[in-house]
Amino acid sequence: MSKVFEIIAKEEKRQRENIELIASENFCSENVQKAVGSCLTNKYSEGYPGKRYYGGCVHVDELEDYCKETWQKVFKTDYHVNVQPHSGSGANFGAYLAVLKPGDTVLSLELNNGGHLTHGSPVNLSGKIFNFVFYGVDEKGYIDYNDLREKALKYKPQLILAGASAYPRIIDFKKFREVADEVGAYFMVDMAHIAGLIAAGVHPSPFGLADLITTTTHKTLRGTRGGLIFCKQELAKKVDSAIFPGTQGGPLQHVIAGKAVTAEEALQPEYKTYIENVVKNCKAMCDEFIKMGYRVVTGGTDNHLFLLDLTDKGVSGKQVQEACDEVGITLNKNCVPNETRSPMQTSGVRIGTAAMTTKGFTAAQFIDTAHKIDEVIKKLQANL
Ligand code: PLP
């Protein structure tokens with residue numbers, strides 16, 4: 001047997017036994033895995049359905065069209081959709097290149113305040129080719145919409161970006177649209193984290209408001225690893241050519257198959273119940289930490305994740321992440337607003353409930369896990 005399958009077996013065991021609290025992870029279904037592991041991986045299909053650079057594309061054409069239609073149903077939208085981005089990062093680059101030129105100004109959420117690397121970090125290509133400027137969160141950790149407007153008026157960006165990797169509250173897309181209109185900017189939403197909540201109707205939808213919407217398919221959407229771009233019909237050509245030939249070559253048709261199965265699953269009534277449970281469980285766990293005296297950024301959560309602020313506990317996010325790893329609890333260190341430590345240390349941890357809710361964890365089990373994490377933190381403090 002190949003060594004690879006031995007490694008996969010070990011990872012399978014780790015995934016089965018650990019308590020998985022990484023907010024961006026989930027467990028996709030066997031059907032999704034079957035589609036991604038199919039013979040479609042053998043097929044080259046540069047281009048788009050009906051306009052390919054290769055022969056033999058009749059079945060992948062049918063697949064890609066079906067994938068697009070199914071995602072439009074998930075988000076109840078007539079926006080154009082491109083299902084080819086290999087990842088969330090790739091989707092963001094496709095969206096940027098569709099409407100921006102190098103050097104154009106983009107206004108996005110600061111990384112330390114919950115933004116993503118592809119939202120203009122200087123170590124990411126986005127920050128190297130575009131002029132990113134940032135809005136932040138207020139002292140409680142909520143998006144500061146006054147700061148957003150002030151920065152928009154000051155910098156006159158070509159694009160305003162909403163969306164985050166570590167933001168526990170509802171995002172007011174209408175306010176973003178108003179500010180974008182005031183300064184004549186495109187409005188883009190990166191809904192990667194909350195896409196599942198939007199699909200299930202438990203977070204307001206950006207469809208109808210944003211010009212461009214990007215997402216991953218593997219977080220709350222619980223599918224294969226990949227990206228999608230939605231856009232208003234008038235931007236369809238620009239988005240498509242920004243992905244191919246702009247930033248990608250041949251699409252991954254096996255992954256597009258996995259995305260189509262993901263979309264079919266998100267249309268099932270059980271999926272809505274699942275997402276409602278994710279949010280309910282997240283509140284229950286977050287409330288338990290608050291009861292135990294922990295500081296939580298914004299004082300709570302509206303979605304699938306929350307951020308523990310450990311500043312007053314004398315331990316770093318990195319220490320907590322590593323100590324949790326030792327007892328089979330997987331979570332990640334995260335910056336908090338007004339962070340004083342480096343991104344490699346951090347003063348917080350991010351906790352999400354999407355993955356363990358898939359495994360059938362109840363609110364009581366999440367509460368029990370909160371106590372286990374508290375024990376880990378107390379042990380760390382005792383050894384300081
Ligand atoms: N956008 C947001 C908001 C994210 O949180 C992430 C990943 O965590 C991405 C984009 C990038 O997705 P990927 O890791 O698929 O490139």
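This report describes the ligand site and the salt bridges of a predicted model.

**Ligand site**

The ligand is surrounded by 13 residues, of which G88, S89, S165, D190 and K219 come nearest. By residue class, this shell comprises nine polar, two charged and two nonpolar residues. Helix 4, spanning residues 88–99, supplies three residues, the largest share of the shell.

Polar side-chain atoms approach the ligand at several points. For S89, a polar side-chain atom is placed 2.6 Å from an oxygen atom of the ligand. S165 likewise directs a polar side-chain atom to an oxygen atom of the ligand, here at 2.7 Å. D190 is paired with a nitrogen atom of the ligand, which lies 2.6 Å from an N or O atom of the D190 side chain. Taken alone, the ligand exposes 400 Å², and 84% of that area is buried by the protein.

**Salt bridges**

The model contains 19 salt bridges. Among them are the three pairs tabulated here, each with its N to O distance.

| Salt bridge | N to O distance |
|---|---|
| K13 and E17 | 3.1 Å |
| R52 and D61 | 2.7 Å |
| D104 and K101 | 3.6 Å |

The K13 and E17 pair lies within a single element, helix 1 (residues 3–17), where the two residues are four apart, about one turn of the helix. K13 counts as partly exposed because its relative accessibility is 41%, a value between the cut-offs of 20% for buried and 50% for exposed.

In the pair formed by R52 and D61, both partners are classed as buried, a class that requires relative accessibility under 20%. R52 is counted there because its relative accessibility is 14%, and D61 because its value is 16%.

The pair of D104 and K101 joins residues of opposite classes. D104 has a relative accessibility of 10% and therefore counts as buried, whereas K101, at 54%, counts as exposed. The side chains of these two residues meet at 3.6 Å, N to O. Elsewhere, salt bridges with shared partners link R177, D181, D211 and K232 into one network.

**Summary**

At the ligand, the side chains of S89 and S165 each place a polar atom by a ligand oxygen, while the D190 side chain has an N or O atom by a ligand nitrogen. Among the salt bridges, R52 and D61 pair two buried residues, and D104, which is buried, meets K101, which is exposed.

Definitions and conventions
Residues are numbered from 1 along each chain as its sequence is written. This is a predicted model: local features need pLDDT of at least 70, side-chain atom pairs count only at pLDDT 80 or more; totals for chains, interfaces and linings use all residues. Side-chain values use heavy atoms; hydrogens and water are left out. A residue is near a molecule or strand if one of its heavy atoms lies within 4 Å of it. A polar contact is a pair of N or O atoms within 3.5 Å; within protein, one must be able to donate a hydrogen and the other to accept it, and residues adjacent in sequence count only if both atoms are side-chain atoms. Accessible areas come from the Shrake-Rupley method with a 1.4 Å probe; for residues, only the protein chains shown count as cover. Ala, Val, Leu, Ile, Met, Phe, Trp, Tyr, Cys and Pro count as nonpolar, Asp, Glu, Lys and Arg as charged, and the others, Gly among them, as polar. A salt bridge is a side-chain nitrogen of Lys or Arg within 4 Å of a carboxyl oxygen of Asp or Glu. Buried means under 20% relative accessible area, exposed over 50%, partly exposed in between (1.4 Å probe, protein chains only).
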